[in-house]
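This report goes through one protein model, from its overall build down to single residues. Keep the sequence and the 3D view at hand while reading.

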Amino acid sequence: MFCYQCEQTTRLPTGDGCASAKGLCGKDATTADLQDLLVHAVKGIAQQARRARALGVPDNDAGAFMLHALFTTLTNVNFNPTRFVTLLHEAAAVRDRVAARCEAALAANPDVAQNIPNATGPAIEWTPAADLTGLLAQAAIVPVNADLARVGADIVGLRALILYGMKGVAAYANHAAVLGCTRDAVFAGVEETMAYLASDPTDMAELLDRALSVGRLNLQVMEMLDAANTGRFGTPHPTAVRVTPVAGKAILVSGHDLGDLEALLKQTAGTDINVYTHGEMLPAHGYPTLKAYPHLVGNYGGAWQDQQTDFANFPGPILMTSNCIIEPGPRYRQRIFTTGPVGWPGVRHLTDHAFAPLIAAANALPGFKADEAEQTVTVGFGGDAVLGVAGAVVDAVKAGDIRHFFLIGGCDGAAAGRNYYSDFATGAPDDTVVLTLGCAKYRFNRHEFGSIGGIPRLLDIGQCNDSYSAIRIASALAEAFGCGVNDLPLSLVVSWFEQKAAAVLLTLLALGIRNIRLGPTLPAFLTPTLLAVLVERFGIQPITTAPDDIAAALNRAA
């Protein structure tokens with residue numbers, strides 16, 4: 001195996017990347033290699049799907065399969081090699097079905113053939129081997145760094161940046177798709193980009209431009225996901241969320257998928273089972289449709305990397321939706337369930353919202369014996385909530401009451417150095433406002449920040465999935481002040497971990513956002529040459545110390 005797609009990747013003087021029997025995320029070599037082969041298979045589907053779209057017979061079912069397949073290859077999503085063997089055979093069948101549509105369309109109108117994109121190469125010609133040994137032999141030919149000796153680390157790194165950005169795009173688009181929201185333009189963008197990667201591109205300038213196009217595609221996807229969430233669950237409003245347990249039977253829901261949470265709330269309505277959110281599900285409490293369920297009683301635990309402790313101590317079953325699963329510990333392995341793209345060997349997987357086994361487990365387990373003293377955090381400061389008080393915010397800035405805004409957001413993780421983000425948030429001066437999204441907020445969201453003229457100093461925008469709200473807020477403030485976003489008293493301090501963060505970063509760069517602080521470490525696939533390009537073109541900077549970076553941001557604004 002070779003993998004360097006996430007922040008926790010092995011870093012050695014001899015080279016960065018996990019290349020042993022098991023990666024630091026817990027993914028074994030078999031699973032990693034099958035994931036590489038699945039990406040290869042998706043490239044073949046994309047080539048055929050791009051042809052089908054050009055022929056006027058688009059196959060969006062193939063597009064939906066590509067979204068799901070790529071999502072399963074994200075960090076900390078699916079560790080079950082058996083599932084990948086199944087997906088590989090499905091991928092070949094999907095590709096061949098789309099190819100047959102293309103041939104039928106060409107037979108009906110042969111004159112258009114010269115205007116149709118080619119579909120040639122290894123991903124088109126690949127046929128899945130009959131057994132695991134054969135599949136692994138095929139996978140050995142298509143790792144992310146397969147071309148390293150021929151094209152060099154810079155080209156491989158740029159291809160990886162595009163691929164990892166596309167994995168993030170696929171994840172966000174899949175979140176929207178399961179809520180019934182899809183767009184032809186998004187499917188077309190996925191097809192075009194994955195087919196481009198299938199051509200093994202080598203032009204650095206072209207690759208950089210393509211990376212920014214991934215960012216523009218992701219902006220469309222994040223807007224689509226925002227529309228899907230608010231269309232289904234209503235517009236988030238500021239809401240105090242209990243973070244201490246109440247007596248009663250209990251189910252814990254982690255991950256990101258709001259549709260899974262809604263289905264579970266419906267199935268447990270009228271029972272004596274309470275439902276708690278965990279990790280990135282915390283923002284669910286801000287949505288009117290979800291918070292209307294009285295048995296959605298609160299949030300339990302912290303960010304995803306705390307789950308082995310949180311889940312072990314939780315006295316009920318756990319439902320893991322979407323990402324970010326860690327190897328289940330023995331104290332809860334028999335009471336955790338997965339759904340959607342998530343998988344772990346030996347863990348029960350539930351499909352089609354068939355949550356009866358999960359509910360039965362909740363009834364069989366003790367739940368919480370007594371209430372604990374109530375404590376709360378406040379969520380729900382999405383785009384509409386903040387823009388609803390935009391006038392007061394602008395007035396506070398003009399009056400000098402608010403000096404600066406810091407957006408401190410992104411993925412959390414267990415690596416040393418991430419206390420930087422809590423130090424930054426709590427060290428921000430009292431005349432500044434901290435906006436946050438993603439699970440990094442757990443490092444400081446119980447801190448008492450106070451308010452400025454009735455405006456809370458900590459505004460929790462939501463999940464990493466809600467990055468579109470942050471862009472809306474920044475754009476609206478820039479319009480109100482008659483300036484560009486880069487001219488606002490606003491600094492972005494981003495903690496990255498996996499491929500959703502890569503997609504969001506590309507979106508920010510595509511929008512021309514400059515001077516982003518990125519940490520805790522920079523991606524291993526960004527070579528010194530690539531980093532120099534990003535610094536020159538976009539002013540990307542690694543984090544240093546919280547006091548120094550706060551001072552630098554305020555000095556730049558002054």
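In the residue classes used here, Ala, Val, Leu, Ile, Met, Phe, Trp, Tyr, Cys and Pro count as nonpolar, Asp, Glu, Lys and Arg count as charged, and the others, Gly among them, count as polar. The model is predicted. By these classes, the lining of the largest cavity has 6 nonpolar, 7 polar and 5 charged residues.

**The largest cavity**

The structure holds 10 cavities of 30 Å³ or more. The largest cavity has about 130 Å³ of space. It is lined by 18 residues, and those closest to its centre are Pro236, Tyr287, Gly382, Ile461 and Ser469. Which elements each supply at least two residues of this lining? They are the helices α9 (204–233), α14 (383–387) and α17 (467–481), together with the strand β15 (458–462).

**The whole protein**

There are 20 helices and 18 strands in the protein. Its radius of gyration is 23 Å, close to the 24 Å given by the globule rule for 558 residues, so the protein is as compact as a globular protein of that length. Along the principal axes, the C-alpha atoms fill a box of roughly 70 × 60 × 50 Å. Of the 558 residues, 61% count as buried. Among contacts with a separation of 6 or more, 75% are between residues 24 or more positions apart.

**Helix α13 and its surroundings**

Helix α13 covers residues 356–364, and its buried residues are Leu358, Ile359, Ala361 and Ala362. Why do they lie on the same side of α13? They cover an arc of only 155° around the axis, and this puts them on the same side of the helix. The general rule behind such patterns is that an α-helix has 3.6 residues a turn, so residues three or four places apart point the same way. The exposed residues Ala356 and Ala364 sit on the face of α13 turned away from its buried side.

Several elements take part in covering the buried residues of α13, including the helix α10 (258–268) and the strands β4 (249–254), β5 (273–277), β7 (318–320), β8 (336–339) and β9 (348–350). One residue of α10 shows this packing in detail. Thr268 lies in helix α10. Is Thr268 buried or exposed? Its relative accessibility is 0%, so Thr268 counts as buried. Leaving out residues up to four places away in sequence, Thr268 touches Ile251, Val275, His295 and Ile359. Of these, Ile359 is one of the buried residues of α13.

**The loop after α13**

Ala373 lies in the loop between α13 and β10 (376–379), and Lys369 is found in that loop too. Ala373 is exposed, with a relative accessible area of 61%. Lys369 has a relative accessibility of 80% and therefore counts as exposed, the cut-off being over 50%. Apart from residues up to four places away in sequence, Ala373 touches Arg242 and Thr244.

Distance along the chain and distance in space can be set side by side for two pairs of residues. Lys369 and Pro245 are 124 residues apart in sequence, and their C-alpha atoms are 9.4 Å apart in space. Ala373 and Gly259 are 114 residues apart along the chain, and their C-alpha atoms are separated by 30 Å.

**Backbone angles**

Most residues other than glycine have a negative phi, and most peptide bonds are trans. Three places in the model depart from this, and the table lists their angles.

| Place | Angle | Feature |
|---|---|---|
| Asp200 | phi near 50° | positive phi in a residue other than glycine |
| Ser322 | phi near 45° | positive phi in a residue other than glycine |
| Gly519 to Pro520 | omega near 5° | cis peptide bond |

Where do these residues lie? Asp200 is in the loop between α8 (184–198) and α9. Ser322 is in the loop between β7 and β8. Pro520 is in the loop between β17 (517–519) and α19 (528–538). Asp200 is partly exposed, with a relative accessible area of 37%, whereas Ser322, at 2% relative accessibility, counts as buried.

Terms used. Residues numbered from 1 in each chain as written. Predicted model: local features only at pLDDT ≥ 70, side-chain atom pairs only at ≥ 80, totals over all residues. Heavy atoms only, no water. Buried < 20%, exposed > 50% of the residue type's maximum accessible area, 1.4 Å probe, protein only. Helix = DSSP H or I, 4+ residues; strand = E, 2+ residues; numbered from the N terminus. Arc of directions from axis to C-beta. Contact = heavy atoms within 4.5 Å. 1 Å grid on protein atoms, 1.4 Å probe; cavity = no way out; pocket = protein on both sides within 12 Å on 5 of 7 lines; lining within 4 Å. Points joined across faces, edges and corners; volume = space filled by probe spheres on them. Rg over C-alpha atoms; globule rule 2.2 N^0.38 Å.
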